[in-house]
Protein chains: 6
Amino acid sequence: MARPIVNPGNIDFDSAGRRDYFVRFEHPTLWAEYLMPVTVFVGPEAQKGHGVIAIGATHGNEYEGPTAIRHLASEIRPENVRGRIVLIPTLNVPAFNAGVRDTPDDGKNLNRVFPGDAAGSITSKFADFIYTHVFPQVHVVLDIHSGGDVARFELVTSFHHVENAEQHRAMEETARGFGARFTMKYQNGTPGLLTATAERLGKITIGSEFGWGCAINTQGVSMTRQGILTAAIRHEQLRGEVPPNQHFAREKQILVDNSELSCYVNAPFDGHFEPTCYCGDFVKAKQRIGYHHDWNHIDSAPAEVLAPHDGYVICQAWKAKVIRGQVVSVVSRPVPWSN
Amino acid sequence: MARPIVNPGNIDFDSAGRRDYFVRFEHPTLWAEYLMPVTVFVGPEAQKGHGVIAIGATHGNEYEGPTAIRHLASEIRPENVRGRIVLIPTLNVPAFNAGVRDTPDDGKNLNRVFPGDAAGSITSKFADFIYTHVFPQVHVVLDIHSGGDVARFELVTSFHHVENAEQHRAMEETARGFGARFTMKYQNGTPGLLTATAERLGKITIGSEFGWGCAINTQGVSMTRQGILTAAIRHEQLRGEVPPNQHFAREKQILVDNSELSCYVNAPFDGHFEPTCYCGDFVKAKQRIGYHHDWNHIDSAPAEVLAPHDGYVICQAWKAKVIRGQVVSVVSRPVPWSN
Amino acid sequence: MARPIVNPGNIDFDSAGRRDYFVRFEHPTLWAEYLMPVTVFVGPEAQKGHGVIAIGATHGNEYEGPTAIRHLASEIRPENVRGRIVLIPTLNVPAFNAGVRDTPDDGKNLNRVFPGDAAGSITSKFADFIYTHVFPQVHVVLDIHSGGDVARFELVTSFHHVENAEQHRAMEETARGFGARFTMKYQNGTPGLLTATAERLGKITIGSEFGWGCAINTQGVSMTRQGILTAAIRHEQLRGEVPPNQHFAREKQILVDNSELSCYVNAPFDGHFEPTCYCGDFVKAKQRIGYHHDWNHIDSAPAEVLAPHDGYVICQAWKAKVIRGQVVSVVSRPVPWSN
Amino acid sequence: MARPIVNPGNIDFDSAGRRDYFVRFEHPTLWAEYLMPVTVFVGPEAQKGHGVIAIGATHGNEYEGPTAIRHLASEIRPENVRGRIVLIPTLNVPAFNAGVRDTPDDGKNLNRVFPGDAAGSITSKFADFIYTHVFPQVHVVLDIHSGGDVARFELVTSFHHVENAEQHRAMEETARGFGARFTMKYQNGTPGLLTATAERLGKITIGSEFGWGCAINTQGVSMTRQGILTAAIRHEQLRGEVPPNQHFAREKQILVDNSELSCYVNAPFDGHFEPTCYCGDFVKAKQRIGYHHDWNHIDSAPAEVLAPHDGYVICQAWKAKVIRGQVVSVVSRPVPWSN
Amino acid sequence: MARPIVNPGNIDFDSAGRRDYFVRFEHPTLWAEYLMPVTVFVGPEAQKGHGVIAIGATHGNEYEGPTAIRHLASEIRPENVRGRIVLIPTLNVPAFNAGVRDTPDDGKNLNRVFPGDAAGSITSKFADFIYTHVFPQVHVVLDIHSGGDVARFELVTSFHHVENAEQHRAMEETARGFGARFTMKYQNGTPGLLTATAERLGKITIGSEFGWGCAINTQGVSMTRQGILTAAIRHEQLRGEVPPNQHFAREKQILVDNSELSCYVNAPFDGHFEPTCYCGDFVKAKQRIGYHHDWNHIDSAPAEVLAPHDGYVICQAWKAKVIRGQVVSVVSRPVPWSN
Amino acid sequence: MARPIVNPGNIDFDSAGRRDYFVRFEHPTLWAEYLMPVTVFVGPEAQKGHGVIAIGATHGNEYEGPTAIRHLASEIRPENVRGRIVLIPTLNVPAFNAGVRDTPDDGKNLNRVFPGDAAGSITSKFADFIYTHVFPQVHVVLDIHSGGDVARFELVTSFHHVENAEQHRAMEETARGFGARFTMKYQNGTPGLLTATAERLGKITIGSEFGWGCAINTQGVSMTRQGILTAAIRHEQLRGEVPPNQHFAREKQILVDNSELSCYVNAPFDGHFEPTCYCGDFVKAKQRIGYHHDWNHIDSAPAEVLAPHDGYVICQAWKAKVIRGQVVSVVSRPVPWSN
């Protein structure tokens, strides 16, 4: 019951069995440790550098990952583990405790500081722990996100374009295992992402957006659970049958691409965004997809928000009140699966 | 374009035509006025004490009312108005501006201070304006709410039990005009409600929950627009055909009652609520409707949240993180319509 | 040096001599007292109910009053006092300490709660002390204000219309003693004002606006000092020659009236106010007196702000950023002096 | 395990046995209830209006009361209860949850609003619950306080002067049962106190200061436990032997009085208080009991803080940084016990 | 009307015509872009590396620059542009939106981080954009500042000492074009200044202090407009007559130097600064230029603030309340113009 | 009286006599300087690199160091100084002014950024000043700390293990001069400590924990005063007799070691820590030293906190409310003194 408290470098990733740790990170100012929960399963067929890691709460107010991973931690039977499965339900512990996106202590966005720095501020220490101590143990990285307070999504799995065709194909297949209707390829220009860092290391890496609004999306929890189990079994770290797909059948799954800036519709002024279509809708170029209201000029007509091109509406601003430049809609173009 | 700025008692509710006002309320500390937008339509058949008022943003972070009412303000043609229609898209102006539920200046919840007080703090002044100057002009009161940041709803109209059977029937009919699947009768113990105050004055009064999460619900905007137009036409204040019901057909509409405390499921401890069913589901007594997670004890099993009795899940906590005593679910019992 | 700490009712206003007190008001939550500095001078000719009181920092971030009154406290020689002079340099002690307009403890504006309440919250206790214990001792009340962070003023003295012609004349004369170019009569609809309360008791009551921006205006300090000394001598509480007028000569002094709402120009939207004339300017009706910029729509033309009628610009919004409904300019009409 | 949630008026104070409740108070703005824990023990000899109540956390950051009362809730055996014992470990639930002195929701100090108001803000509702529903059930009221963040105390029990000699004697005896070295009689001018309200109703009422600094004082917890058990047994509500006094023997116990204002030493300016003696010391008039440092004038000598008269130092400011007027020391005069 | 949104490196500085951009900078945590407005005019004579840039709101609460530059953006006719004119009315977009001096997102002062860093936090990205993409296009840099909330100024233009005599002379002439009475040479020890960075690159660089107090100074707006037009015409980027000098004639203009630390008068303690002379006054060494009041010791005499040497008072603390070490006055020595 | 304001590099550490400086550090955003008080005594026997420095307020809310050092600054007679004594009563000036542990401006903990950086943020500048300008002048470094708001301590001096036996012995002797019962050797893994940095430079370096709770501990002030004087005399920088030890006699002094992680007891969950023993107690392995209460589950039994091994309880969490991972107790093992 009382988990051992260990230094970041002192996790045993190799001995057979199940181990539940608290990994200690010195609190920036209190005489205290931040304790990150890490569960390691190792089975008899474990190979060096092979394994699956599932991560929740890279952003502290996204809850489908933590919820599903916590359920899995009690469901996975150690005797069924063939290789290596690592579960980190709440990666950004102080942000999760505070119920906010970024680390309260240093104001950093953990998904912008990879590969991190063990001598940096607390957020960089968390990233460094993953980069230095966890990534070398696994070849499959599942980083479960949601839209936070900002963006409502048609539930999606996601990855970036990678050059290696085999890696790309494996990522497509792993993504489809979650059962979401859409898988999204998106621009890779933002520095410091967890997933992009893993992809560059050649890992089979999947991100997702499985809910929004700091709520818990029941479908999103289910997809997370299904996707992690499916990945663990297909990638031979867990024994058993792949669980039945409870969501969108393979033939209904759609790969979309929103790598180009033109997919992103920005708010033209501080105002209130009213969507007039739904996430998941297919829209035509110039179709009205929302109104943008300026309450500072109550007698003006609202601005019409138009689709930039044909495509699927993958995401919309969630909270009505948005700032100028905020993304109010993403219209993604369908592209063919590799096979 | 430039609206006249008038004192609360200086609105002309009687002359024919359309008038757009800013009603002035002295700012508590700045040398400034809060300017509440009020639009009045008066037609040739207007009778003393008869009219329809539609109100948005009694709580400042609920946006379906303001959005639909603003659309209606530009859609309603003065020449089609028979009686009296009053539109107040943003009742709690400072709260709406700040994007928060309660008035920032005095910390008050506008929906707890009715009938208000012209000599009280700013929130009480807003209530007094409605009670003293607006209610005497109308017999139909439509107060459009949403679940705020707290509660996700199956979209509902609502009212309380009233003794007068005719008033009750009229409220049922008016509520059904919005097209929501559910109409909710709920406990009337909370003091200071806008709607309960209107009901006690014998007004045909409808509340609603047409969205949540400080977002804009597209269905909720549509229902608000349909319901206000339908009420205005049916109650003979507006000319024309009742608009077609774009939502739930009359025979699919359900009246539910959650007046009893046993309908409300409270969180047993500070934690994270994970729903395992959906708003609108019919559940059986003792059925599991969610989990309640305590991340302070990560290795404990989550608590099961059970339905207290058979009924429809009308509402669930929206944000995952809830405090002890927070309502995480409301299970309402179906009851027959009056006719 | 160490001032005695006394209860509000325990000040000696009658014995001859000078006494410096700290008046104690129980802190709302700390085990502490707020200590209000009060200095009382009593001379040999003191009469019951006659005396001059000068008050600073009714709003905590207005500094000309406190500064000039503190200088006077060391300049007035007890042997020159004929009647009764009371000096309260910092009336709202916690607001002055915090450097903010309103009382931090209860959020109240001290100049809106008169006559106060000894059993109310701390702000009401301060008002009650003045109303119950100080007003009965004096017949001349000088309440020195500034524009705070909100409004820049052409330096003015002020009072409201009173019915009693003698009182009115005495107020005009006392006001002119400060040497400001303008004396302002303004609307008396705001409840709870210190000065209006004193006026209704028949006191010769003067307000002022002697600076702005939480700064110290050198002219304003000089006018305050001159006006208090002049009032004390003219009203026979202090011996000596009336000090020479260092500011505007009697024939240059102008009485203006801005009792009507039409004098107040409100911001039509949240924006930035750019004045294009100066406080003290005489402007003609419809003359452009400023621009109002909306940076949320950077490519729109700024709105022109026009004078509502001929008159003097007495005040302008100080900080550029203003909210909708804020007073951005006051255009006052000149009116004749009583004699 | 799951406590029933009841309305304030629905506690069963009469049936024999033990009952653990959560008493519900509607949250001011969330769709939630504040749940106050109340435990009632009733034995076979219970009489109307007779019983002992022990209350913790009237101020939310005082922890000895909650801690000891929680221990007692698991130690008291229902079969040993003769009359009526009521335990409320955390009276001000939201303040306790937040770890602050006053109620966060309305900023009120619960120990200044008695007798409360069921229609007032949340703090007044808590007070009204005690006044209306609990006080009629008991004749002995034990309200366990600490010095909060403000004041370090030599641990004391306390009460005010009451006219009824029998009540006074009973209060002395009950106070001595806690074992503290000092019992303090103090000024009764502050309105709204829980204890003064109970005293006026003729209850045998004891307050205390059993720790400080938002910490848990081990001695204070022990005294609280001992004092409550002793009171319950002596006042015939609990069976058994009075527990042995683990603290100060009867003959070492001292009654002190600090009803006069002269006992309170106020800080002469905002500064840092350095005590040079200890709580519990007997000091002589004019003896230096501390220094008061002004770091804004680093090269000035610190002010000496002197004892106003002979007496015991019962309390000192705890945090070094104090505001002008804050109580930095209380020097209490010893007075004889009634018998 | 809808400005194109471009990356920092994608501005067209070369094609003839006028272009209005929003330059995008990824928001640190929202799914949003900060959109910086940039207007580029290019005429037929444009030469590589030659042009004038005018910048406002390097600090977000200084408004004369943004106001005048916005006016100029609508006044300058593209057909009159000979070379290259770049207008950035609000450089620090998030600080301007919030109405505060420094960037809210990372707490950085944009005028301390030059030359910036494209991989740094948001403030460094803004600086890098100017350094990397804008400076290479221009040889004249006009950075319009004000005193913010801190310092009231006699309106001045400013630059630092540079070794190159020709650059120095050109800067003097360009500075005089604004019409301010004073031009100030000041210490160049502070790292990271926008202007010092431009000066080191050999640019003709002018700073200014054209207002204070987060207000809009009408004279300051006029000087900004005049100075930018004059510079653009004199430096052959704009056709037309140099506008007439509406302010101080050339022979009344004074060059002052406050490079030495002795010019700066620091507050000796936390207190309230009362100026007793005016900005622009010539004062003699040891002359009293203000009082410094300590309200924590109300009965002490205020400290006298003395001029350190003969010179002009160029600046005074604006807000009365200052901290120990704050600059309360700058006394600058007059020095001869180069020619 | 008015201290000269100097740059960090301009202190005269060599000329005989006493000098009181304010060392200037540019304020990050105001036009102001932070002024750090530094007093230098130099006597006739001063040698290069030899001297004693005493530092207070490395953390801004620890007051025993500032208080005692300020007393010493007025007690030490320049004519008694043989070598060099440097006194810095408040090292982190902005944190001390704000009464908080870390620098408010940049959020940094000054005791984590050594050796600092003159071009870094303000906290790094303070550290750099000590490292670059002060450490080269002295061979004895006394850094007086307290437990802040977090930890109550049995008063201790402290140092880390150093390899040099002579340095180690000298540190033991210097530590014992303060008279504390315990001297603590602790883990040296935390980067950026002032003391560890000095130790690595070969300085005789002593830390301490002489109070807690933002209060002033009378014993702690006395130990600080005694220890600094003793060190100055023993290390031949001050003339005179070593002051008599007013605290624990040499034979009662105990050296303890808590370098191992097992000495630190972390809170297993967010909760309230109740100590059941006292700081300074010797406890046995597995002995209960406290309870840990979870008020979120009021009916659960509190967790027992057990001693990890035999040893002295040197420290306990002070404030009751602690977060998971916070150090609630340190149990240190006694080890022999070097001689």
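Chain B and chain E don't touch at all here: no contact joins them, and their closest C-alpha atoms sit 14 Å apart. Chain A and chain D are in a like position, with no contact and 14 Å between their closest C-alpha atoms. Keep in mind that this is a predicted model. The predictor gives the complex an ipTM of 0.96 and a pTM of 0.94. For chain A, the mean pLDDT is 96, and 100% of its residues reach 70 or more.

Now to the pairs that do touch, with chain A as the partner in each row.

| Pair | Residues in contact | Area buried | Share on carbon and sulfur |
|---|---|---|---|
| Chain B and chain A | 45 of chain B with 45 of chain A | about 3500 Å² | 57% |
| Chain C and chain A | eight of chain C with eight of chain A | about 620 Å² | 30% |

**Chain B against chain A**

Let's take the B and A pair. Lay chain B on chain A and you get an RMSD of 0.0 Å, using a turn of 180 degrees and a shift of 0.0 Å along the axis. The two copies are therefore related as by a two-fold rotation axis. If you want to find that axis on screen, look for Gly213(B): its C-alpha is the one in chain B nearest the axis, 3.4 Å away. The copies also meet through the same surface, because 100% of the interface residues of chain B are interface residues in chain A too.

Which residues of chain B lose the most area to chain A? They are Arg70(B), Ile216(B) and Trp295(B), and together they make up 21% of what the chain B side buries.

On the polar side of things, the rule finds four salt bridges across the interface of chain B and chain A. Asp149(A) forms a salt bridge with Lys319(B), where the closest N and O atoms are 3.9 Å apart. There are also 24 residue pairs in polar contact between chain B and chain A, counting pairs with both residues at pLDDT 80 or more. Several elements of chain B give two or more residues to the side that touches chain A: helix 1 (64-75), helix 2 (93-98), helix 6 (218-234), strand 13 (271-275) and strand 15 (288-293). Sort the residues on that side by class and you get 23 nonpolar, 13 polar and nine charged.

**Chain C against chain A**

Next, the C and A pair. A rotation of 180 degrees, with 0.0 Å of shift along its axis, puts chain C on chain A with an RMSD of 0.0 Å. In chain C, Asn296(C) has the C-alpha nearest this axis, at 4.7 Å. Here, too, one surface serves both copies: 100% of the contact residues of chain C recur in chain A.

Which three residues supply 65% of the area that chain C buries against chain A? Asn296(C), His297(C) and Arg324(C) do, more than any other three residues. So Asn296(C) turns up twice, once for its place by the axis and once for its part in the buried area.

How many salt bridges does the rule find across the interface of chain C and chain A? It finds zero. Polar contacts are there, though: the count between chain C and chain A is six residue pairs, both residues at pLDDT 80 or more. By class, the side of chain C that touches chain A has three nonpolar, two polar and three charged residues.

Methods. Residues are numbered from 1 along each chain as its sequence is written. Chains are lettered from A and ligands numbered from 1 in the order in which they are written. This is a predicted model: local features need pLDDT of at least 70, side-chain atom pairs count only at pLDDT 80 or more; totals for chains, interfaces and linings use all residues. Side-chain values use heavy atoms; hydrogens and water are left out. Contact means heavy atoms within 4.5 Å. Copies are superposed by least squares on the C-alpha atoms of residues with pLDDT of at least 70 in both. Buried area is the accessible area (1.4 Å probe) that two parts lose on being put together, summed over both. A salt bridge is a side-chain nitrogen of Lys or Arg within 4 Å of a carboxyl oxygen of Asp or Glu. A polar contact is a pair of N or O atoms within 3.5 Å; within protein, one must be able to donate a hydrogen and the other to accept it, and residues adjacent in sequence count only if both atoms are side-chain atoms. Ala, Val, Leu, Ile, Met, Phe, Trp, Tyr, Cys and Pro count as nonpolar, Asp, Glu, Lys and Arg as charged, and the others, Gly among them, as polar. Helices (H or I, at least four residues) and strands (E, at least two) are DSSP runs, numbered from the N terminus. pLDDT is the predictor's confidence in each residue, from 0 to 100.
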